[in-house]
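The report below goes through side-chain pairing, nonpolar packing and aromatic contacts, taking each topic in turn. Please keep the sequence and the coordinates at hand while reading.

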Amino acid sequence: MSALVLMAIAIIAFFIAYKTYGTFLAKELELDDSRITPAHTMNDGVDYVPAKAPVLLGHHFASIAGAAPIIGPVTAALFGWIPAFLWIVLGGIFFGAVHDFTSIVASIRHKGKSIGVIIEKNMGDTGKKLFNIFAWLTLVLVIAAFANVVANTFVAVPEAGTASLLFIAIAVFYGFVVYRNNFPVIIGTVIGVALLFLAIWVGVMFPLALSKEAWIMLMLAYVVVASLAPVWILLQPRDYLNSFLLYGLIGGAVIGLFIYNPTVELTAYGGFNTKLGWMFPVLFVTVACGAISGFHSLVASGTTAKQIDKESDAKFIGYGGMLIESTLAVVALITAIMLSQVDYNAFMVAEAGKAAPGPVALFSTGVAGFLEKLGIPFTTGKTFTSLVVSAFALTTLDTATRLGRYVFQEYFEKAAAAKGKSESAMTKFGTNPIVATLVTVVVSGWMAMGSYSAIWPVFGAANQLLAALALLAVSVWLAKLGKKNGYVKYPMFFMFAVTLTALGQLIYKNVIGGQILLSVVAIALFILAVILAIFATKTLKQATNDGKGISA
Amino acid sequence: MDTHSYYNILEERLKMNYDIEKNIMIDRLSVDLFAKLEMKHEKHFGPKSATVWRIENYEYVFVKSFEKLDNKMLENFQEFLKSAIKQFVKPNGEHMSSTITGVMIMDNVPAELEPIIRRFQFRRNFAFSLKGWAEVRLIVVDLHSNRVISNKKAKEVASFYLPVIEKKEEKQNKLLFWRKK
C-alpha cells in the first residue's frame, strides 16, 4: 500500500474534524467575537498585542513544533503502524487539538493568564506548588531525553556532528557581525545560510566520530554556555538561521515524499507487549507531542492567548495548529513504516554493547531518500536533515535549561520569602543562576547517559501528565461556570489513566533495570500525579455541585 | 527655521517613543533637551515571570544649541558624550547596547569642522561585549541650509534630525524605527 494513502486519510480526517468537531467545540465554548479579547482590553504594546490569525498561527506553531512530533511517532511504530497511526489521528483530533484549543480559550477568559495561574485560581495554592515541582522534574527529563537522542544521532550520523559544531560557530559569527557590527541583515542572512550549506559539506567530508558519552558531555557544556550567554550572541542568530533550514526541510521533504511515493513495509500490528512495554499505556506516552502535548498549554496560555485578535481565531490557531503538528507526525511515521521490520530494528533496537542509532537517524535516512528524488545526494540529505532536527532539539535543550534554572531559583526564593530567611546560605546557593543551571544540567546529564528507550517514555509520561493537568484546569473552570465539560473531562481521565499506568510500569522497569535516578524521578511524578488527581477530583466534584457561575 | 521651532518639531518627533526632559544640567553641561529610550525584548514561557531570555537596548539623546562652534567646543562636546557612557550605561548580563546620541544645533556649521565631525567615532565594549556595548552618534544640525552632518554611526538616523523632512525620508524613518523594534 502506498504511504500516501495514509497521508491522504490523515489530512482528510483532520479537515473534516476541523470543520465539524472544531465547530462543535467552538459552540460549546460559546466563542463570541463581540466579546473583546485581552489583546485589546489589556493592549500594552508589549505582551498584549492583537495579531492577525495567520501570523499568530505561524508564531504559535513555531513555538509548539519541535523534534518531539518526529521522535515520538518513529519510536511508537514499534507497536505497528496501525496503532501508531490511529493514535496520531484520533488522539490529535479528540485530545491534542481539544487540549490546545480549550487552553487558549480558558486563558482568554482569564485575561490571558497562563495555565499555572488558572490552576492556582481554580485549584488553589497547593495545586500551583505541586505544579511547579512537577515542572522542574519535567524540564530535567526534557533535557535528558533530547540530549540522549541528539547524542545517538551524532554517533549514527557523525557528519551531522561536525556540521552542528560548525553551525554553532557560524551562529556566533553571525551574531557578532550583524548585531554587534551592524552588517546588513539581508546580506548577512545570505552569507549565513551559504555558510550553513558549507558546514554540511565539511561535515560530509570530515565526519567527527565521538562516543555517545562524549557527545552528551559536549552538548551539556554547550547548553550551560548557551543558557548563560547573551541571546544575541548565540541563541537568536542560531534560531534565525535554523528557520531557513526548517523551511528547506519541510518543503523538500513534502515534495520529495510525493515524488518518492513510499510503500508501507513495516508490520501493521507489532503486538500488545513489545520491547517498549505494553501498548496501553506506552504507545500513548511514546507518541507524545504527535497527538497531545502538555507543553502546548504553556505556550497557548502564556503567549498566544495574549495576542488573539478575536475569540473565533482560537479555533484556527489552537485546534488547527495542533492538527498541523499531527500532520508532521504522520510524515515522521511514514519515514519509519516505509522500512522493513529488519531495517527498522537496525535503527531502533540496541544491540549488545551498542546504542541504537535512534529515531532522528531513521527520520533523516527516510527524508534523505525523499530528497534524493529531488537530486540531492543521499549523504548530504541525511546530514542536512539530522542537522535540522538536532538543531531544533538543541533549541529545546537551551529553553528547558533556562526554564529549569528559573523554576529552581524561584523555589528557593519563595521558600526563603515564606520563612523570612532571604540571606541564608541555602537561599544564596539556590538562587545563584550558575548553581541553578549546573544542578539542572548535572541531574539531566546523569539521566541522559542511560538508554533512550528508558528515558523517552518517562519524558512522554511527564508531558502527558502536564496535558492532563491542563485539561483538568479547563474541566474545573467549565464546571464552575455550570457548562458541559465532557469533551475535556473524559480526555483528562484517559490521560491520567495513561500517565499513572505508564509511570507505574516504568518505575518497575527502571528499578529492575538499575536506572536509579530515572526511577526516583518517575516515583516523584507518580506521587505528584496521584495527589493532583485526588485533589482535582474533589475540586471537580465541588465545582460541579456548586455550579456557580464565575465571571471569566 | 529658528532654533525654537526646531526644538518644538524635534520634541514632537521624539515624544512618541522617548521620555523627555528639558533644560537640565548633566555633568556640568546645560542640556536643552534630554531624551531616553528603553527597549526591552523578552521571551516568556508560561507566566511572565518565567523569562527565557531578555535583551535591553537603550538610547540617550542630548540636544544642545550653539550660537557658534569651533574645534575646542566640538571636542568638549565629544568628551561629554564619551563621559555620558560612564554615567548612564549600566552593563549587565541582559544589556545588549546603549547609544549616546549628541545633537548640536546651529545656524551655520563651519565647513572646516565637517570632516572632524564625520571622522568621529567612539565605541566601548563591556566584558568583551558579553555585557553589551555602547556607541556614540554625533549629529550637527545646520538649520540655515536644512542639512545634517553626522559621524558614520549616526548616518542611520541622520534624516530624522533634518529640520524639514521630505515625504520619502519620513517614510524611511518610520520604517527604520519599526525595523529596529
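Is B:Arg54 buried, partly exposed or exposed? In this predicted model, B:Arg54 is partly exposed, with a relative accessible area of 24%, and its side chain meets that of B:Glu56 in a salt bridge of 3.3 Å, N to O. The acidic partner, B:Glu56, is buried, with a relative accessible area of 6%.

## Salt bridges

A search of the whole structure finds 22 salt bridges over all chains. Side chains of opposite charge can pair when their charged atoms come close. Three of the pairs in chain B are set out here with the accessibility of each partner.

| Acidic residue | Basic residue | N to O distance |
|---|---|---|
| B:Glu12, 47%, partly exposed | B:Lys15, 48%, partly exposed | 3.0 Å |
| B:Glu56, 6%, buried | B:Arg54, 24%, partly exposed | 3.3 Å |
| B:Glu135, 10%, buried | B:Arg123, 43%, partly exposed | 3.5 Å |

In the bridge between B:Glu135 and B:Arg123, the closest N and O atoms are 3.5 Å apart. Because B:Glu135 lies in strand 6 (residues 133-142) of chain B and B:Arg123 in strand 5 (residues 123-125) of chain B, this pair ties together parts that are 12 residues apart in sequence. Both residues also belong to a network of salt bridges that links B:Glu59, B:Arg123, B:Glu135, B:Arg137, B:Lys153 and B:Glu156. Within the pair, B:Glu135 counts as buried at 10% relative accessibility, whereas B:Arg123 counts as partly exposed at 43%.

## Chain B as a whole

Chain B has four helices and seven strands, and read along the sequence these follow the pattern α-β-β-β-α-β-α-β-β-β-α. Of the 181 residues in chain B, 48% are buried, and the accessible surface of the chain comes to about 9800 Å², with 51% of that area belonging to carbon and sulfur atoms. Among contacts in chain B between residues at least 6 apart in sequence, 60% join residues at least 24 apart. Aromatic residues of this chain are also joined to one another, since ring pairs link B:Phe34, B:Tyr58, B:Tyr60, B:Phe62, B:Phe66, B:Phe77, B:Phe80 and B:Phe88 into a cluster.

## Nonpolar cores and a surface patch

The largest nonpolar core holds 196 residues, of which A:Leu141, A:Phe146, A:Leu283, A:Tyr319, A:Tyr344, A:Trp456 and A:Leu525 touch the most other members. Helix 20 (residues 452-480) of chain A gives the most to this core, with 19 residues. A second, separate core of 30 residues includes B:Phe66, B:Ala84, B:Ile85 and B:Met104.

For A:Tyr344, once its neighbours within four places in sequence are left aside, the contacts are A:Val74, A:Thr75, A:Ala77, A:Leu78, A:Leu266, A:Ala336, A:Leu339 and A:Leu362. A polar residue, A:Ser364, lies in helix 16 (residues 359-372) of chain A and is buried, with a relative accessible area of 0%. With its neighbours within four places set aside in the same way, A:Ser364 is in contact with A:Lys382, A:Thr385 and A:Ser386.

On the surface, A:Ile82, A:Leu86, A:Leu90 and A:Phe94 form a nonpolar patch with about 330 Å² of accessible area together. One of these residues, A:Leu90, has its place in helix 6 (residues 81-109) of chain A and is partly exposed, with a relative accessible area of 42%.

## Aromatic pairs

The structure holds 34 aromatic pairs over all chains. The rings of A:Tyr18 and A:Tyr319 have their centres 6.4 Å apart and their planes at 40 degrees, so this pair is tilted. The pair links distant parts of the chain, with A:Tyr18 in helix 1 (residues 3-19) and A:Tyr319 in helix 14 (residues 313-337) of chain A, 301 residues apart. A:Tyr319 is buried, with a relative accessible area of 0%.

A:Phe244 and A:Tyr247 form an edge-to-face pair, at 6.3 Å centre to centre and with 80 degrees between the planes. Both residues lie in helix 11 (residues 235-260) of chain A, three residues apart, which is about one turn of the helix. A:Phe244 is partly exposed, with a relative accessible area of 31%, while A:Tyr247 is exposed, at 56%.

Terms used:
Residues are numbered from 1 along each chain as its sequence is written. Chains are lettered from A and ligands numbered from 1 in the order in which they are written. This is a predicted model: local features need pLDDT of at least 70, side-chain atom pairs count only at pLDDT 80 or more; totals for chains, interfaces and linings use all residues. Side-chain values use heavy atoms; hydrogens and water are left out. Patches are made of residues with over 30% relative accessible area and no salt bridge: like charges are joined within 9 Å, nonpolar side chains (Val, Leu, Ile, Met, Phe, Trp, Tyr) within 5 Å. Accessible areas come from the Shrake-Rupley method with a 1.4 Å probe; for residues, only the protein chains shown count as cover. A salt bridge is a side-chain nitrogen of Lys or Arg within 4 Å of a carboxyl oxygen of Asp or Glu. Helices (H or I, at least four residues) and strands (E, at least two) are DSSP runs, numbered from the N terminus. Buried means under 20% relative accessible area, exposed over 50%, partly exposed in between (1.4 Å probe, protein chains only). A nonpolar core is a set of buried Ala, Val, Leu, Ile, Met, Phe, Trp, Tyr and Cys residues joined through side-chain atoms within 4.5 Å. Contact means heavy atoms within 4.5 Å. Rings of Phe, Tyr and Trp (its six-membered ring) pair if their centres lie within 6.5 Å; planes under 30 degrees apart count as stacked, over 60 as edge-to-face and the rest as tilted.
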